[in-house]
Amino acid sequence: MQSRTERFDIQFMRGVAVAAVVLFHAFPAALPSGFLGVDVFFVISGFLITGILIGARSTAGRYRTFYTRRTLRIFPLYYAFLALVLLLGPRLVSLPSWEADVAANQWWYWAYLSNWGAPFGHGIEGLSHFWSLAVEEQFYLIWPVVVFSLTNRGLVRLCAGVLVATPFLRWGLRAWGLPAGAAYEFTVARWDALAAGALVALLLRQPAGRA
């Protein structure tokens, strides 16, 4: 269990990360490295989710409990927003080009796959920030299976390997001639940040790691 101080620290770090990204988009010249707030957010997510899953390993219905909580936490607000923008928006606003993008590309957002579609031109103006939420949801889908299947030692090795391999994956995506956004938004291009947070969560549960 996290103490009140630890919870405050994490929420504070999340707030700083979000503020950095917002300021980067609003004043890119003043805060050119603000985009790194996204990486910080992924590290925090990897840390928190891994800690939750490790604590739930021995509980009955651990998969059902985790997925139910994640679904109730994110799906209602996300899909309510999508319904408002993508279903009602075209009826309220007359912008033919935007309406065409909605008609052609909206399923990427309903399926939490916008981070795979947007780099290839399947994005929708005004919803570009949802790529990071898509990465998070894909992480939530896969990571429980990994954590519940491996020992802590196995997870440490996996996370260390991912940290080493991911920069090469990003380089490979660019070398293969894919759009620049692929090396920024693809889930595989963000594994190292998520793995870094997971690794911290694992090390904190070992005396040598805490030291």
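How much area does the protein chain expose, and what percentage of it do carbon and sulfur atoms supply? The exposed area comes to about 12200 Å², and carbon and sulfur atoms supply 69% of that. Keep in mind that this is a predicted model.

**The overall layout**

Going by secondary structure, there are 10 helices and zero strands in the protein chain. Read from the N terminus, the order is simply α-α-α-α-α-α-α-α-α-α. The protein chain has 211 residues, and 36% of them are buried. Now for the contacts between residues at least 6 apart in sequence: 63% of these join residues at least 24 apart.

**Rings**

Aromatic pairs are a good place to look next, as the structure holds 19 of them. Here are two, with their geometry.

| Pair | Type | Centre to centre | Angle between planes |
|---|---|---|---|
| F66 and Y140 | edge-to-face | 6.5 Å | 80 degrees |
| W131 and Y184 | tilted | 5.1 Å | 50 degrees |

Take F66 and Y140 to begin with. F66 belongs to helix α3 (residues 62-92) and Y140 to helix α6 (residues 130-149), so their pairing ties together parts that are 74 residues apart in sequence. Both of these residues, F66 and Y140, are buried. They also belong to a cluster linked by ring pairs, made up of Y63, F66, Y67, F139, Y140, W143 and F148.

Then there's the tilted pair of W131 and Y184. This pair links distant parts of the chain, with W131 in helix α6 and Y184 in helix α8 (residues 182-185), 53 residues apart. Are W131 and Y184 buried or partly exposed? W131 has 8% relative accessibility, so it counts as buried. Y184 has 30% relative accessibility and therefore counts as partly exposed.

**Charges over rings**

Two of the tyrosines above also have an arginine over the ring. For Y140, the charged end of R70 sits over the ring, 5.3 Å from its centre. For Y184, R190 lies over the face, at 4.2 Å from the ring centre. So Y140 has F66 as an aromatic partner and R70 over its ring, while Y184 has W131 as an aromatic partner and R190 over its face.

**A backbone oddity**

One last residue to check is Y112. What is its phi? Y112 isn't a glycine, yet its phi is positive, at about 55 degrees. You'll find Y112 in the loop between α4 (96-110) and α5 (114-117). Despite that loop position, Y112 has just 6% relative accessibility, which means that it counts as buried.

Notes:
Residues numbered from 1 in each chain as written. Predicted model: local features only at pLDDT ≥ 70, side-chain atom pairs only at ≥ 80, totals over all residues. Heavy atoms only, no water. Helix = DSSP H or I, 4+ residues; strand = E, 2+ residues; numbered from the N terminus. Buried < 20%, exposed > 50% of the residue type's maximum accessible area, 1.4 Å probe, protein only. Contact = heavy atoms within 4.5 Å. Areas by Shrake-Rupley, 256 points an atom, 1.4 Å probe, with all protein chains shown as cover. Phe/Tyr/Trp six-rings, centres within 6.5 Å; stacked < 30°, edge-to-face > 60°. Lys NZ or Arg CZ within 6 Å of the ring centre and 35° of its normal.
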